Amino acid sequence: MLLTFPPQRAARARLEALGVVSAALIPVLSSSQMYGVLAAYATEPRSFTEDDVHLVQTVAGILAAARDRALAETALRLSEQKFSGLFRSSPDAIAVVTMDDERLQEVNDGFLQMTGYTREEVLGQAIKQLDLWSEPLTL
């Protein structure tokens with residue numbers, strides 16, 4: 001997609017001062033939003049070829065993907081911080097257990113207070129080996 005539009009006066013004056021006479025403007029798009037515009041400028045009159053435009057579109061796609069990933073990583077980090085805060089501060093006993101071998105991966109302080117174990121004693125242990133329930137536990 002080749003876009004052209006008359007730039008605002010200040011931008012136009014700056015481009016003219018730099019000797020820019022041709023430009024290809026490509027939107028930086030993700031699947032859900034537009035992040036900006038990637039521009040390729042030339043100081044000689046020219047028509048940009050399909051290959052030129054394809055190259056700038058490819059770079060714009062890479063930029064959009066990088067921005068999407070950065071936003072997703074930020075959202076994941078915030079979600080993990082919220083979960084961690086809730087997990088750690090809850091007075092209730094909470095344990096994270098693997099499904100395949102039922103081993104404790106993490107426990108909160110509520111779990112330690114309720115069971116009397118230390119974190120070092122329980123992490124990595126199969127939950128059934130801790131003998132916490134009077135009846136067999138089924139997950």
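The questions and answers below concern helix α2 and the salt bridges of a predicted model.

Local features in this predicted model need pLDDT of at least 70, side-chain atom pairs count only at pLDDT 80 or more, and totals for chains, interfaces and linings use all residues. Residues are numbered from 1 along each chain as its sequence is written, and side-chain values use heavy atoms, with hydrogens and water left out.

User: What span should the 40 residues of helix α2 have?
Analyst: Helices here are DSSP runs of H or I with at least four residues, and strands are E runs of at least two, numbered from the N terminus. The expected span is 1.5 Å times one less than the number of residues. The end C-alpha atoms of α2 (residues 50-89) are 58 Å apart, which agrees with the expected 58 Å.

User: Which residues of α2 are buried?
Analyst: Buried means under 20% relative accessible area, exposed over 50%, and partly exposed in between, with a 1.4 Å probe and protein chains only. The cover over the buried residues of α2 includes β1 (22-29), β2 (34-42), β3 (95-97) and β4 (104-107). The buried residues are V53, V56, A60, A64 and F87.

User: Which residue forms a salt bridge with E106?
Analyst: A salt bridge requires a side-chain nitrogen of Lys or Arg within 4 Å of a carboxyl oxygen of Asp or Glu. For E106, the closest N and O atoms of the pair are 3.4 Å apart, and the partner is R119.

User: Is R46 buried or partly exposed?
Analyst: R46 forms a salt bridge with D52, with the closest N and O atoms 2.2 Å apart. Because its relative accessibility is 39%, R46 counts as partly exposed.

Methods:
Contact means heavy atoms within 4.5 Å.
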